[in-house]
Amino acid sequence: EEPSDEKNHQTQRRRISAPTRLPLPQRDAPARPSPPFQLPFQLLSFSYTPERELVFDDSALRYYIDPPQRADLTYRYDDWTKREEERGRLDGLLRACVRDEVEPERVRANVITWRGILTKILGSPYEDRDSWELNVMSVNGTLYLEEHPSQAKLADMRMTDTDPKRRLQTYFGYSFESYCTSEKPPRTMTREEHDERDWAGGWGGDVNTNVQWCSVVKTKLDNIRVLCGGEVDCVRDRYTKQPDTFVELKTSMNIRRGNDVDVLRFEKKLLKFYLQSFLLGVPEIVVGFRTPAGELTALESYKTIELPRRVRGKPGAWDASVCLNWGCDVLRFLHRSVSRDSDSQNLHDEKDWRPPVWRLKFEPRKGLELRRLELSEVEDE
Ligand code: 0WD
Ligand code: CA
């Protein structure tokens, strides 16, 4: 009953490219201890210029400054220079990875990706709404994860782009950043510079979303070495070349007094704030609360590490250890499937070798599905 070589080969191929699944953990499963997470260490920073050119300097670094009370977040909406939609590629990060400061760590890394991708993966046990898709590749045992904008995501982005209400809401976040940041540390600003800013109503300059300052850090989730890059809104007082003074800026709708639904909604959002900042080592999150029409009403600073305790024990609350354990499970699952497969090909030295591309799909409340793309499905760039 020995199958012929040909048939054996076929079944093997079919087995490899059939999707494998990873079901989500129970949200309220008995608590597993959190895997250790190493304090993120910055290796390199870079900036995007107003023309969206990547430069290896800190020209886009900003300092935190208190915004004026009752700031108008609709201010200069028409002067927003909006960045072209990019396709979620890793380009900027990969350019950083071949720099001398990062290269030795790149070789040792088990996973290389944007921080935003890790936020999505770790948050998925509690995600009820948004699905997502990634491309996954492995080169010499290192996993590379990049976003694959699904049809649903593309449609949603077009909606945001054309729906004036949603466009304005997106702008609230950016105009808040303008009010809260300055090119110079406020303490070193001259009297004239402070006055000038006051005359401008505290406005920090028109919004250009091409401009971003990014930090590339190394960290470890349990024994998994992670290299990731992410945007940092500003630093408080001084820049130490490490994340310890980083500040993340957020806007959120007012929480109406005594309104439990508002509170629940905000606490659910805190999970995303928490994961996003935690992964890059950002210790402080400043939230600007606003009215539906975009008037700033209150300002609250949160210490990132204290957020899990704020929600713990409340009904329907999230548990960060569920996310961290799940993150490890996912990365190991990808390593087992993708790295083993790519490395078994042993063709890395061949001239035109390109790693197989795998597609990881997440469906809320269901879990992950992973399959290897056929060559014909891999888009050429
Ligand atoms: O999947 C990702 N995270 C992608 C990131 C997909 C495609 C590109 N990028 C780029 C980002 O533009 C940036 O240059 O990677 C770099 C770092 O991204 P990240 O820090 O990993 O991204 P994330 O944590 O998701 O978002 C950080 C900020 C956002 O701030 P808020 O407060 O809303 O979380 O980056 C901005 C946004 O200000 N941002 C975007 N702005 C415009 N269009 C986008 C976008 N598609 N994605 C993130
Ligand atoms: Ca932000």
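Me: Let's start with Asp233 and Glu248: are they buried or exposed?
Reply: Asp233 is buried, and Glu248 is too. That label means a relative accessible area under 20%. Keep in mind that this is a predicted model.

Me: What makes Asp233, Glu248 and Leu249 donors to the calcium ion (ligand 2)?
Reply: Distance. Asp233 (OD), Glu248 (OE) and Leu249 (O) coordinate the ion at 2.4 to 2.5 Å, and the cut-off for Ca is 3.2 Å, so they count as donors. Along the chain they follow the spacing D-x14-E-L. Asp233 sits in the loop between β10 and β11 (234–235) and Glu248 in strand β12 (residues 246–253), so the pair, 15 residues apart, links distant parts of the chain.

Me: Why is Thr209 called buried?
Reply: Its relative accessible area is 10%. The limit is under 20%, so Thr209 qualifies. You'll find Thr209 in the loop between α7 (191–199) and β9 (212–221). Leaving out residues up to four places away in sequence, Thr209 touches Arg52, Trp80, Thr81, Lys82, Arg83 and Tyr174.

Me: How do you know that the Thr209 side chain makes a polar contact with the side chain of Trp80?
Reply: The two side chains come to 3.2 Å, and the limit is within 3.5 Å, so the distance fits. The Thr209 side chain also reaches the backbone nitrogen of Arg83, at 3.1 Å.

Me: What makes β1 and β3 edge strands?
Reply: β1 (20–23) and β3 (54–55) each pair on one side only. They belong to an open sheet of 10 strands with mixed pairing, in the order β1-β16-β15-β6-β7-β5-β10-β9-β2-β3.

Me: How do you know that β5 and β10 pair?
Reply: Pairing takes at least two bridges. β5 (residues 111–114) and β10 (residues 224–231) have four, in the parallel sense, so they pass. Trp114 stands opposite Gly229 in β10. Helix α4 (residues 115–123) lies across β5, β6 (132–139), β7 (142–147) and β10, at about 100° to β5.

Me: What makes Leu360 stand out in the largest nonpolar core?
Reply: Leu360 is among the residues with the most contacts inside that core of 76 residues, a group that also includes Ile121 and Trp318. Helix α10 (residues 320–345) gives the largest share, 11 residues. Apart from this core lies another, of 16 residues, including Leu73 and Trp80.

How values were computed. Residues numbered from 1 in each chain as written. Chains lettered and ligands numbered in written order. Predicted model: local features only at pLDDT ≥ 70, side-chain atom pairs only at ≥ 80, totals over all residues. Heavy atoms only, no water. Helix = DSSP H or I, 4+ residues; strand = E, 2+ residues; numbered from the N terminus. Contact = heavy atoms within 4.5 Å. Axes fitted to C-alpha atoms, helices over the stretch in contact; angles between N-to-C directions. Buried < 20%, exposed > 50% of the residue type's maximum accessible area, 1.4 Å probe, protein only. Polar contact = N/O pair within 3.5 Å; in protein donor to acceptor, adjacent residues only side chain to side chain. Donors = N, O, S within 2.8 Å, 3.2 Å for Na, K, Ca; no water. Core = buried A, V, L, I, M, F, W, Y, C linked by side-chain atoms within 4.5 Å.
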